[in-house]
Amino acid sequence: MNSIKISARHCCSAAALALAAMGAQAGPLFGSNLIVNGDAETDVATSWLAFDGYARPQAVDYGSNWVLPTQPGPANRGKRMFAGDGARTAGYQLLDLAGTLTQPLSFKLSGWLGGWASQGDNALLYVSFLDRSDSEIGHAALGPVTPADRGNATGLFYREVSNWLPVGTSRLMFSLSMERQGGGDNDGYADNLAFVLDAPAPAELPEPAGLAWLALGVMALAGRMRRRAPRA
Ligand SMILES: [Ca+2]
Ligand SMILES: [Ca+2]
């Protein structure tokens, strides 16, 4: 379980060297899904980049080779889901916020993750919060969902986490990695991946004197996140 997390963090460092490869994405920043093709329904090759030395996640049809339409998963699963490709699978997207956050923003990261029967193959969705120098100043992660979590059932299971995007964030990197632990196929599964930023509510913003308190609160949150972060 830990190895895939370390791999994802390693990928983040490697990818930071290639940030110029992706441009900013158009679209509303608040209240909509910022992950492009998070449902695997459109072309993966134009929405997810592969890390060096890793395969890109593939989009496969729901069916007998993977997860049946009748097996656990989102009701609105569409026709396709993500699966791994080979032993080492990791793709990513970069989103430029076209500015640097000067106040924290709340977000929700959600998605369906899973695997096949009792095999330990798994998927991990990892979001890096990058500052203007592309250093990671925070992160959020979903998964992995283990065979025990799934009760050894083939399928996908819902996970979500809500937290704050820290001051100083200027770019997001979404990483989707799959680890193969058994058999020939990489059965780390994912579908309906979403990262949504909440719009700041002007009426609820604290007075200027309260901003420092808010910043301290976020720093305390960040401290807790660092302690939970996997060690490379
Ligand atoms: Ca889908
Ligand atoms: Ca497998």
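Start by selecting strand 6 together with strand 9, residues 171–179: the two run antiparallel and are joined by nine bridges. You are looking at a predicted model, so keep that in mind at each stop.

To see one of those pairings up close, pick S128 in strand 6 and then M173, its bridge partner in strand 9.

Next, keep strand 6 and add strand 7, residues 136–142. This pair is antiparallel as well, with six bridges between the strands. Click on F129 and you can find its bridge partner, G138, in strand 7.

Now follow the chain through the turn. Strand 6 and strand 7 form a hairpin with five residues between the strands, and in this hairpin D134 has a positive phi near 65°.

Go back to strand 6 alone, residues 122–130, and show its side chains. Is this strand buried or exposed? Nine of its nine residues are buried, so the rest of the structure largely encloses it. Try viewing the strand from each side: N122, L124, Y126, S128 and L130 are buried on one face, and A123, L125, V127 and F129 are buried on the other.

For the last stop, colour the protein chain by pLDDT. The mean is 83, and 75% of the residues reach 70 or more. Select residues 1–26, where pLDDT is below 50; the model gives this stretch 48 contacts beyond near neighbours in sequence. Then select residues 204–232: pLDDT stays under 50 here too, and the model has 22 contacts for them beyond four places in sequence.

Technical notes
Residues numbered from 1 in each chain as written. Chains lettered and ligands numbered in written order. Predicted model: local features only at pLDDT ≥ 70, side-chain atom pairs only at ≥ 80, totals over all residues. Buried ≥ 20, exposed ≤ 12 C-beta atoms within 10 Å, placed from the backbone. Helix = DSSP H or I, 4+ residues; strand = E, 2+ residues; numbered from the N terminus. Pairing = 2+ DSSP bridges. pLDDT = per-residue confidence, 0-100. Contact = placed C-beta atoms within 7 Å.
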